[in-house]
Amino acid sequence: MRIETDVKLGFKDVLIRPKRSTLKSRAQVNLDREFTFLHSKLKWHGIPVIAANMDTVGTFQTADALAEFGLLTAVHKHYSLQQWDNYLQGKSDDIYQRIMVSTGTAKDDFSLMQQIIGQHPKLQFICIDVANGYAEAFVDFVKRVRDEFPDQTIVAGNVVTGEMVEELLLSGADIVKVGIGPGSVCTTRVKTGVGYPQLSAVIECADAAHGLGGRIISDGGCVCAGDVSKAFGGGADFVMLGGMLAGHDESGGQLVQRDGQQFKLFYGMSSSTAMEKHAGGVAEYRASEGKTVEVPYRGPVADTVKDILGGVRSTCTYVGAGALKELTKRTTFIRVQEQENKTFT
């Protein structure tokens, strides 16, 4: 046993210090990024915000809505091959760089992914998603997927430390997903005592990834547009959102009415709700590590996307970053004990 005494920080622990700026308007800020990925060598351009691969967020409908803004969607893994065929029929080529095919490490997951990409080889992204990216078997699976799909851009995670980011990149991943426990419907930290404050994880993992030419996704912990900016400021190349994109017309989840108000169900993919739906229940050897909540119905997701992107543009004007790629170079975090005046909520 050992104890690390360095303080690790989450988004709530910091603010971004403003700096002199020559920008006259938020409209001058360019949020587009362009990346050439480490192994696939594919070029990608767009706004690097991703809808999470949860069945209450990462739907085909969400993908269509976010693609209009140049954003990405990690499509959840529970669509059938037929549903993928129907969705992609007649789509323009641009959609293929706006969606990720998600997979777990189970045999059936791998088989379905093979079929989907075999039918639609223009799909550019594979998102290999597990709760615990530290297992040797997961590293071996990443290697297997890289061997099988040398031309696709591979996302792998989740991890929170630099050495594991390096391991996954060296094993064939182009992008590593960073985050254990910060999500709004994740209970991993409560059930296991394992986790890492998200901002520190992003800062440390970005440093490790960029040294090898890889990229990272900050996955989880954002509750407002300011947190998205903090993730980018900390060095994240992409930011993945779950709860912030839940509860919309395009989101999955049952619509319920209570006391004259509308809500949509939102749950973690390790929750008992998700496991009952997709695996026939929680296995005897494990515990549920997610919760189910009712999110107030929010209408079209486009309105929320505009709010998020507007917030990030505003951040850039406060620190003099004319483009998103400049934000991390212009960011100075200050530690704080207060974030928001909540006199009126």
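Start with contacts across the whole chain (contact means heavy atoms within 4.5 Å). Among contacts between residues at least 6 apart in sequence, 68% join residues at least 24 apart. This is a predicted model, in which local features need pLDDT of at least 70, side-chain atom pairs count only at pLDDT 80 or more, and totals for chains, interfaces and linings use all residues. Residues are numbered from 1 along each chain as its sequence is written, and side-chain values use heavy atoms, with hydrogens and water left out.

**Whole chain**

Keep everything selected and colour by secondary structure. The chain has eleven helices and 15 strands. Helices (H or I, at least four residues) and strands (E, at least two) are DSSP runs, numbered from the N terminus. The radius of gyration is 19 Å, close to the 20 Å that the globule rule gives for 345 residues, so the chain is as compact as a globular protein of that length. That radius is taken over C-alpha atoms, and the rule is 2.2 Å times the number of residues to the power 0.38. Along its principal axes the C-alpha trace spans about 55 × 55 × 55 Å.

Now colour by accessibility. Buried residues make up 52% of the 345 in the chain. Buried means under 20% relative accessible area, exposed over 50%, partly exposed in between, with a 1.4 Å probe and protein chains only.

**The barrel**

Select E4 to E11. Eight strands close into a barrel in the order E4-E5-E6-E7-E8-E9-E10-E11, with parallel pairing. Two strands pair if DSSP finds at least two bridges between them. Strands of a sheet pair through backbone hydrogen bonds, either parallel or antiparallel. Neighbouring strands of the barrel sheet are turned by 25° against each other on average, direction ignored. For such angles, axes are lines fitted to C-alpha atoms, for helices over the stretch in contact, and values run from 0 to 180 degrees between N-to-C directions.

Zoom to residues 175-178 and 215-219. These are E9 and E10, which run parallel and are joined by four bridges. Val176 stands opposite Ile216 of E10. Add residues 225-233 next. This is helix H8, which packs on the sheet and touches E4, E10 and E11 (238-241). The direction of H8 makes about 145° with that of E11.

**Helix H1**

Select residues 60-67. Six of the eight residues of H1 are buried, so this helix is largely enclosed by the rest of the structure. They are Phe60, Thr62, Ala63, Ala65, Leu66 and Ala67. To see what covers them, show strands E4 (49-51), E5 (72-75) and E6 (99-103), plus helices H2 (81-88) and H10, which are included in the cover.

**Arg146**

Move to helix H4, residues 136-148, where Arg146 is found. Is Arg146 buried or exposed? At 11% relative accessibility, Arg146 counts as buried. Show its contacts, leaving aside neighbours within four places in sequence: His39, Ser40, Asp151, Gln152, Ile154, Ser171, Gly172 and Asp174.

**Helix H7 and the cysteines**

Select residues 198-212. At 1.5 Å a residue, the 15 residues of H7 should span 21 Å, and its end C-alpha atoms are 21 Å apart, which agrees. The expected span is 1.5 Å times one less than the number of residues. Among the buried residues of H7 are Gln198, Leu199, Val202 and Cys205. Just after H7, Gly213 takes a positive phi of about 85°.

Stay on the cysteines. How many disulfides does the structure hold? Zero. A disulfide here is a pair of cysteine sulfur atoms within 2.5 Å. For Cys205, the nearest cysteine sulfur is that of Cys222, 15 Å away. For Cys316, the nearest is again that of Cys222, 14 Å away. Cys205 is buried, with a relative accessible area of 0%. Cys316 is buried too, at 0%.

**The antiparallel sheet**

Select E12, E13 and E14. These three strands form an open sheet in that order, with antiparallel pairing. Its edge strands are E12 (255-258) and E14 (292-296), each pairing on one side only. The twist averages 40° from one strand to the next. E13 (261-267) and E14 pair over five bridges. Label Phe266: its bridge partner in E14 is Val293.

**Last stop: Gly320**

Gly320 lies in the loop between H10 (301-319) and H11 (327-330). Beyond four places in sequence, Gly320 is in contact with Arg20, Ser21, Leu23, Glu326 and Arg330. Draw a C-alpha to C-alpha distance to Arg330: 7.1 Å, for two residues ten apart in sequence.
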